[in-house]
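Here is a quick walk through one protein chain, residue by residue where it pays off. Have the sequence and the model open side by side.

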Amino acid sequence: MLGRVLLAACLLTAVVLAFEHTLHEDFLPTPGGRAIHKDCVHHIPHGASLHVEEDKSGYRLHHHDGSIERHEPCPHAPHAMHGQAWKAWAQYLNEDSFDFMSAEWPVPSEPTTEKNQILYFWPGTEPGDNSFVIQPVLQWGNTPAGGGNYWAMASWYVGDRAYFSPLIDCNVGDMVYGEMNESGSGQWAIISEDSTTGEKISLNVTTSVPQDYAYIVLESYYLFDCTEYPADESSELFTNIVTKVNGTTVTPTWETYNDNPGSFTACDEEAVVDSDTSVEIDFRNTKR
């Protein structure tokens, strides 16, 4: 028995070390399954908005004072981390394209073990070509958006470049809310809100690319041990999930996945569809 435990521990260490080796120090682990070069990760100050050029020639950052900052496509190709970083998720494809998604979920307890792990819990949308993702993200750890050994939220756009809003701090036990809302002409508001405190932040992005995928995701980096997940829970429950097409609520047909199905999965992470509007992400699968 001890031999099996040691073997499992060795396998886990090998998997994580191999994963970490792929993350060069110049590439940062952003939510959405992409490691982006540090020169291509940007904080968007309050009141600014991001415009994605339709011809994919770059980005325009419109500041509150009227000035415009231009960014070319990132000269450093992102490292795709989807298969390693997304531990468990549910996805729904609607080729008529979404113009709204929202969800609620609780802020879990602090991890038993606090090392260098990064945890991301998020709902989000993505186009059919998987070229970028927009998402409100609950995070633990020192991420490219900041933070530390506490829970916080930020709104993100992640493509070949990554853009994030200021962080808002969240308390254990708070309920948080995330929303992606297209108000017309490709103008998206990506809202991260602590519903308990009322604090919220929005990232405004204009893009003409339709959003065909809806996701509920647990994503993690630098996770060596299952005790680095929240201490008092074995799952995270996303509720009141709403998806809309052309302003009309649609019923999702969720498909569930985990990290490299059929291979070694460290903590038995699993996405479980409880209903059309409720998805549970298990990360210490003791009850199923």
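Let's start with Gly 146, which is partly exposed, with a relative accessible area of 24%. On the scale used here, buried is under 20% relative accessible area, exposed is over 50%, and partly exposed is in between (1.4 Å probe, protein chains only). Bear in mind that this is a predicted model, where local features need pLDDT of at least 70 and side-chain atom pairs count only at pLDDT 80 or more, while totals for chains, interfaces and linings use all residues. Residues are numbered from 1 along each chain as its sequence is written, and side-chain values use heavy atoms, with hydrogens and water left out.

Gly 146 belongs to strand S12 (residues 146–158); helices (H or I, at least four residues) and strands (E, at least two) are DSSP runs numbered from the N terminus. Leaving aside neighbours within four places in sequence, Gly 146 is in contact (heavy atoms within 4.5 Å) with Gln 139, Gly 141 and Leu 167. The C-alpha atoms of Gly 146 and Pro 166 are 8.8 Å apart, with their positions 20 residues apart along the chain.

Val 52 makes a good counterpart. This residue sits in strand S4 (residues 49–52) and counts as buried at 15% relative accessibility. Not counting residues up to four places away in sequence, Val 52 touches Gly 58, Tyr 59, Tyr 157, Val 205, Thr 206 and Thr 207. Its C-alpha atom is 8.0 Å from that of Ser 208, although the two residues are 156 apart along the chain.

**The chain as a whole**

Zooming out, the protein chain has two helices and 23 strands. Of its 288 residues, 51% count as buried. Among contacts between residues at least 6 apart in sequence, 66% join residues at least 24 apart. The accessible surface comes to about 12,500 Å², of which 49% belongs to carbon and sulfur atoms; these areas come from the Shrake-Rupley method with a 1.4 Å probe, and for residues only the protein chains shown count as cover.

**Strand pairing around S15**

Now for S15 (residues 175–182), which pairs with strand S9 (residues 100–106) in the antiparallel sense over seven bridges. Two strands pair if DSSP finds at least two bridges between them. Ala 103 stands opposite Gly 178 in S15. S15 is also joined by seven bridges to S16 (residues 187–194), again antiparallel, and there Glu 182 stands opposite Trp 188. The S15 and S16 hairpin has four residues between the strands, and Gly 184 takes a positive phi near 130° in it.

**Nonpolar cores**

Which residues have the most contacts inside the largest nonpolar core? They are Tyr 157 and Ile 216, in a core of 47 residues. Strand S8 (residues 86–98) gives the largest share of this core, four residues. A nonpolar core here is a set of buried Ala, Val, Leu, Ile, Met, Phe, Trp, Tyr and Cys residues joined through side-chain atoms within 4.5 Å. Apart from the largest core lies another of 26 residues, among them Val 41, Val 137, Trp 156 and Tyr 213. In soluble globular proteins, nonpolar side chains tend to be buried together.

Ile 216 is worth clicking on. Leaving out residues up to four places away in sequence, its contacts include Ala 88, Trp 89, Ala 90, Met 101 and Ala 103. Trp 122, Pro 123, Phe 238, Ile 241, Trp 254, Val 279 and Ile 281 are also among the residues Ile 216 touches.

**Cysteines**

How many disulfides are there? The count comes to two, a disulfide being a pair of cysteine sulfur atoms within 2.5 Å.

| Disulfide | S to S distance |
|---|---|
| Cys 40 to Cys 74 | 2.1 Å |
| Cys 226 to Cys 267 | 2.0 Å |

The torsion about the S-S bond of Cys 40 and Cys 74 is about 80°, so this disulfide is right-handed. Cys 40 lies in the loop between strands S2 (34–37) and S3 (41–43), and Cys 74 in the loop between S6 (68–71) and S7 (79–80), so the pair links distant parts of the chain, 34 residues apart. Cys 40 is buried at 1% relative accessibility, and Cys 74 is buried at 12%.

For Cys 226 and Cys 267 the S-S torsion is about -105°, so that disulfide is left-handed. Cys 226 lies in the loop between strand S18 (211–221) and strand S19 (235–245), and Cys 267 in the loop between strand S21 (255–258) and strand S22 (270–275), so the pair ties together parts that are 41 residues apart in sequence. Cys 226 is partly exposed at 21%, whereas Cys 267 is buried at 4%. Numbering the bonded cysteines in sequence order gives the pairing 1-2, 3-4. Cys 170 is buried too, with a relative accessible area of 6%.
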